[in-house]
Amino acid sequence: MKTNYLYRSCIAAMAGVCSAISPAQAATQPPNVVFIFADDLGYGDLSCYGATKVQTPNIDNLAKSGRKFTDAHSASAVCTPSRYALITGEYPIRAFGGKGAWGPLPASSGLIIDTETLTIGKVFKNKGYKTAALGKWHLGFGKGKNDWSVPLRPGPQDVGFDYYWGVPLVNSGSPYVYVENDTIVGYDPKDPLIPGGTPPTPTPTFPKEASVKQPNKFSGAKKAHEIYHDEKTGTLMTEKAVSWITENKDHPFFLYFSTTNIHHPFTPAPRFKGSSQAGLYGDYIHELDWMVGEIMQCLKKNGLSENTLVIFTSDNGGMLNFAGRNAVKDGHKMNGELLGFKFGAWEGGHRVPFIANWPGKIEAGSVSDQLICNVDMLASFMSLTGQDPKSLVKKDSVNVLPAMLENPDHALRSHLVISPKNEKLLSLRKGKWMYIPGKGSGGFNGSKPHQHAWGGAPATAFIGSENSDIQNGKIKKSAPPAQLYDLENDLRQTKNVYAQHPEVVKQMEELLKTYRPTAAPVKRKKQK
């Protein structure tokens with residue numbers, strides 16, 4: 001097997017910054033990995049990516065002492081499919097037997113990851129690592145329909161994680177309990193959690209400014225429901241991370257830290273409220289930054305900083321919900337100058353912050369424009385741990401570790417498939433070109449004051465974006481049947497050049513055909 005990047009001496013361009021690790025040293029000092037996966041954090045939501053109404057010093061420090069990526073993407077503009085891609089190394093179009101995962105899973109869904117497939121957790125376990133998944137899961141529990149009976153298996157522990165603690169679905173939807181390993185925190189066999197019926201306690205409500213939280217649709221489990229607390233979730237999750245790292249500091253470990261920040265409802269701990277210039281939206285980002293800071297302090301306190309690769313990114317782009325619209329009015333743009341939002345195929349839906357930090361191994365303050373994706377973590381972690389990513393079968397993951405540790409002079413990815421919420425707009429990125437085989441974004445389309453989710457053409461007027469296919473918040477009748485953008489010269493996607501490059505459109509369409517699911521998509525209950 002070829003010597004992997006961990007074992008190679010740093011290239012001349014990084015001489016003096018990195019120190020070489022010999023194979024013998026690496027065998028006794030395998031690197032720890034902390035992967036921080038924020039929820040709905042947009043490309044413009046961090047001060048190191050241009051935000052001015054929020055301050056993210058801890059995350060900014062990761063970039064200052066590490067590498068910031070400008071062309072990183074989630075494989076999907078939707079939470080569940082994006083997480084599927086990250087953990088399995090497969091495009092979400094592979095889920096459900098090739099029918100594809102397109103939207104958020106409902107509470108009744110079983111585990112959608114095949115327990116026999118290779119996952120990022122298993123990659124590390126195969127090398128003797130301790131592994132944990134903390135935070136939002138949203139990939140289902142059990143087989144078939146999940147009736148929430150304990151034990152909740154198969155689940156995280158069956159796809160590569162020794163330990164799990166967190167929010168089983170999403171913080172805006174029931175059952176509003178925490179799960180630890182395969183049981184419900186506060187579980188009482190005499191009072192089980194039951195789908196349907198009358199909730200045992202009132203669902204906590206928050207002001208309109210916090211955006212939507214759906215009513216609880218579960219009865220029973222009174223104690224478990226009383227333990228769940230929106231404004232304490234971030235703190236609890238962080239405490240769990242600090243405790244787990246400390247307990248496992250003498251072993252190589254992999255921590256998948258998947259936050260509920262900054263998904264609606266925006267419920268930061270009281271000490272963060274009013275701390276930003278972007279309302280509750282910004283305050284929730286500030287809490288996220290604190291969480292990152294606590295983890296970094298824990299690594300430093302335990303002498304682990306020098307031997308830990310920390311990656312920070314988001315599951316998809318920012319969402320223009322009520323709190324988001326208030327933040328825009330305050331001068332904050334969650335996706336920066338990018339067109340579009342969460343759920344959509346435009347850049348704002350899936351181009352995300354991505355920072356890699358490893359003192360002595362990653363050049364401090366560096367920036368990369370390599371095209372990378374969260375689906376690439378599987379192959380990259382294989383390379384990092386001395387396993388051959390070329391041995392992967394039926395995976396879409398590309399080894400992008402060289403983009404983190406070195407400065408490749410060639411593109412590591414030839415193309416990338418992007419899944420919006422609407423399966424008809426499965427899209428393709430190749431080189432500088434972005435091809436969307438239809439009109440619009442394929443995401444949210446709300447535009448009325450009372451509506452929770454805004455997006456698509458109607459939202460462009462509100463945010464101040466320009467696009468040649470849109471006029472007064474509507475797609476022009478004369479707009480081309482599909483979209484092609486030259487991102488090298490038009491990152492904001494202001495001009496659809498579909499008509500000007502028919503040969504490029506033909507090439508992109510032919511390649512995209514090889515990825516389109518042939519089976520009908522799985523119908524899932526609508527969930528926001």
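Which residues form one aromatic cluster together with F35 and F37? The other members of that cluster are F124, Y129, W137, F161, Y164, F254, Y256 and F381. The structure is a predicted model, and its protein chain has an average pLDDT of 93. A score of at least 70 is reached by 93% of the residues. Residues 1-27 are another matter: there pLDDT stays under 50.

**Confidence at the start of the chain**

- For residues 1-27, where pLDDT stays under 50, the model has 48 contacts beyond four places in sequence.

**The open sheet**

- An open sheet is built from 10 strands, and its pairing is mixed.
- The strand order is β7-β6-β5-β4-β10-β1-β11-β12-β2-β13.
- Strand β7 (183-184) lies at one edge and β13 (366-368) at the other, each pairing on one side only.
- Within this sheet, β12 and β2 are neighbours in the order.
- Strand β2 (residues 67-69) and strand β12 (residues 354-357) run antiparallel and are joined by three bridges.
- R67 has A356 in β12 as its bridge partner.

**Strands β17 and β20**

- Strand β17 (residues 433-436) runs antiparallel to β20, with four bridges between them.
- M434 is placed opposite Y485 of β20.
- In a regular strand, side chains alternate between the two faces of the sheet.
- In β20 (residues 483-486), Q483 and Y485 point one way, while L484 and D486 point the other way.
- All four of these residues, Q483, L484, Y485 and D486, are buried.

**Aromatic pairs**

- The structure contains 25 aromatic pairs.
- One of them joins F35 and F37, with 5.7 Å from centre to centre and 50° between the planes, a tilted arrangement.
- Both F35 and F37 are buried, and both belong to the aromatic cluster named at the start.
- Y178 and Y228 make another tilted pair, because their ring planes stand at 35° with the centres 4.7 Å apart.
- Y178 lies in the loop between β5 (163-166) and β6 (179-180), and Y228 in the loop between α6 (222-227) and α7 (233-247), so this pair ties together parts that are 50 residues apart in sequence.
- Y178 and Y228 are both buried.

**Charges over rings**

- K68 places its charged end over the ring of Y49, 5.0 Å from the ring centre.
- The charged end of K213 sits over the ring of Y176, at 4.2 Å from its centre.

**Cysteines**

- A disulfide is a covalent bond between the sulfur atoms of two cysteines.
- Searching the whole structure gives zero disulfides.
- C48 is in no disulfide, and the nearest cysteine sulfur, in C373, is 20 Å away.
- C48 is buried, with a relative accessible area of 17%.
- For C79, the closest cysteine sulfur is also in C373, and the distance of 15 Å is too far for a bond, since a disulfide needs sulfur atoms within 2.5 Å.
- C79 counts as buried because its relative accessibility is 2%.

**The surroundings of D376**

- D376 is found in the loop between β14 (372-373) and α10 (377-384).
- The relative accessible area of D376 is 0%, so this residue is buried.
- Leaving aside residues up to four places away in sequence, D376 touches D396, S397, V398, V400 and R413.

Methods:
Residues are numbered from 1 along each chain as its sequence is written. This is a predicted model: local features need pLDDT of at least 70, side-chain atom pairs count only at pLDDT 80 or more; totals for chains, interfaces and linings use all residues. Side-chain values use heavy atoms; hydrogens and water are left out. Buried means under 20% relative accessible area, exposed over 50%, partly exposed in between (1.4 Å probe, protein chains only). Helices (H or I, at least four residues) and strands (E, at least two) are DSSP runs, numbered from the N terminus. Two strands pair if DSSP finds at least two bridges between them. Rings of Phe, Tyr and Trp (its six-membered ring) pair if their centres lie within 6.5 Å; planes under 30 degrees apart count as stacked, over 60 as edge-to-face and the rest as tilted. A charge sits over a ring if NZ of Lys or CZ of Arg is within 6 Å of the ring centre and within 35 degrees of the ring normal. pLDDT is the predictor's confidence in each residue, from 0 to 100. Contact means heavy atoms within 4.5 Å.
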